[in-house]
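Open the model in your viewer and keep the sequence panel beside it. We will go from stop to stop, selecting a few residues each time and looking at what surrounds them.

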Amino acid sequence: MKTILYARVSTTDQTIEHQRTQAEAAGFNIDEVVADHGVSGVQTKLKDRPEGRRLFDLLRAGDVLVVRWVDRLGRQYDDIADAIREFMRRGVVIKTVINSMVFDGATKDPMQMAIRDALIGFMAAMSQAQAEATKETQKAGIQYAKAKGQYLGRKPSYNREQFEMVRDMLNQETGISTVAKATGLSRQTIYRIDGDRVAAEAALVEWGM
């Protein structure tokens, strides 16, 4: 049995090593990392990504698939839900770093199965909704930056990966202290990002981050 971390990075600010460090800090002993670089979760399904395809070949019954969050698997409802269910049919357990979610196909209890399946649908829907909201926030941030015509102030103390993590974790109603520990940012910075996400996005755009 192996524990495999799947990481997907779509921007230069995101790093595979950061996602591995987060997983290990959450208590996972990672045997292997499978990662796709520069791939959009919105535009490319998991099975259509080079390393995503390999993931389906690697995983066997009893293995554990670790992802930072289900959005690493995809940003479209059907893609995420289908991937999770396919892995479960193969006897693979899926676990997330954020909020410690577990998706296991071994249970035969109908009530637990119903709850698990409903949760898969909810998480998949939320990931797609977040992707759509992110796109709108980025548009607003670019427009904000262009309208401003000058830098908003000091260079942001966070990079795009940290910004996305803060946004995603807060969307999951994760506590500020937990977000701070996971991202390495101060509570004040997290409150500032959460207080005006458009301005936070605009700052990244203006500084080319």
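## The whole chain

Start with everything shown as a cartoon. Among the contacts in the protein with a separation of 6 or more, 71% join residues 24 or more positions apart. Keep in mind as you go that this is a predicted model.

Now colour by secondary structure. You should find 8 helices and 5 strands. Follow the chain from the N terminus and the elements come in the order β-α-β-α-β-α-β-β-α-α-α-α-α.

Switch on the surface next. The protein exposes about 10400 Å², and carbon and sulfur atoms supply 50% of that area. Of its 209 residues, 46% count as buried. Several of our stops will be at buried residues.

## Stop 1: Val-34

Select residues 32–37, which form strand E2, and pick out Val-34 within that strand. Is Val-34 buried or exposed? Its relative accessibility is 0%, so Val-34 counts as buried.

Show the neighbours as sticks. Leaving out residues up to four places away in sequence, Val-34 touches Ile-4, Leu-5, Tyr-6, Ala-7, Glu-51, Arg-54, Leu-55 and Leu-58. Then try the distance tool: the C-alpha atoms of Val-34 and Arg-8 are separated by 8.6 Å, although their positions lie 26 residues apart along the chain as a sequence separation.

## Stop 2: Arg-68

Move on to the loop between strand E3 (64–67) and helix H3 (77–89), where you will find Arg-68. This residue is a good one to look at with the surface on: Arg-68 counts as buried because its relative accessibility is 2%, and the cut-off for buried is under 20%.

Which residues does Arg-68 touch, apart from those up to four places away in sequence? Select Gln-19, Gln-22, Thr-96, Val-97, Ile-98, Glu-161, Met-165 and Asp-168 to see them. With one of these, Gln-22, you can check a distance: Arg-68 and Gln-22 are 46 residues apart in sequence and 7.8 Å apart in space, C-alpha to C-alpha.

## Stop 3: Glu-86

Stay with helix H3 and select Glu-86. Glu-86 has a relative accessible area of 17%, so Glu-86 is buried. Draw a line from the C-alpha atom of Glu-86 to that of Phe-56: the two are separated by 9.1 Å, and the residues are 30 apart along the chain.

## Stop 4: helices H5 and H6

Hide the rest and show helix H5 (residues 160–171) with helix H6 (residues 176–183). Their axes are 10 Å apart and they pack at an angle of about 155°. That angle makes H5 roughly antiparallel to H6. The crossing of H5 past H6 is right-handed.

To see the contact, select Gln-162, Met-165, Val-166, Met-169 and Leu-170 on H5, then Ile-176, Thr-178, Val-179, Ala-182 and Thr-183 on H6. Colour these residues by class and you will get 7 nonpolar, 3 polar and no charged.

## Stop 5: H5 again, with H7

Keep H5 and add helix H7 (residues 187–195). This pair packs at about 75°, with axes 10 Å apart, so H5 is roughly perpendicular to H7. The residues to select are Phe-163, Val-166 and Leu-170 of H5, together with Ile-190, Ile-193 and Asp-194 of H7. By class, this contact has 5 nonpolar, no polar and 1 charged residues.

Zoom in on Phe-163, which lies in H5. Phe-163 is buried, since its relative accessible area is 1%. Not counting residues up to four places away in sequence, Phe-163 touches Tyr-158, Ile-193, Arg-197, Ala-200, Glu-201 and Leu-204. For one more distance, choose Leu-185: Phe-163 and Leu-185 are 9.7 Å apart from C-alpha to C-alpha, and 22 residues apart in sequence.

## Stop 6: H6 with H7

Finish with H6 and H7, which pack at about 110° with their axes 9 Å apart. How are H6 and H7 set to each other? They are roughly perpendicular, as angles from 65 to 115 degrees count that way.

Select Ile-176, Ser-177, Val-179, Ala-180 and Thr-183 in H6, and you will see them meet Arg-187, Ile-190 and Tyr-191 in H7. The classes in this contact are 5 nonpolar, 2 polar and 1 charged.

Note on methods: Residues numbered from 1 in each chain as written. Predicted model: local features only at pLDDT ≥ 70, side-chain atom pairs only at ≥ 80, totals over all residues. Heavy atoms only, no water. Helix = DSSP H or I, 4+ residues; strand = E, 2+ residues; numbered from the N terminus. Buried < 20%, exposed > 50% of the residue type's maximum accessible area, 1.4 Å probe, protein only. Contact = heavy atoms within 4.5 Å. Areas by Shrake-Rupley, 256 points an atom, 1.4 Å probe, with all protein chains shown as cover. Axes fitted to C-alpha atoms, helices over the stretch in contact; angles between N-to-C directions. Parallel < 35°, antiparallel > 145°, perpendicular 65-115°, else oblique. Left-handed = near helix turned anticlockwise from the far one by under 90°. Nonpolar A, V, L, I, M, F, W, Y, C, P; charged D, E, K, R; others polar.
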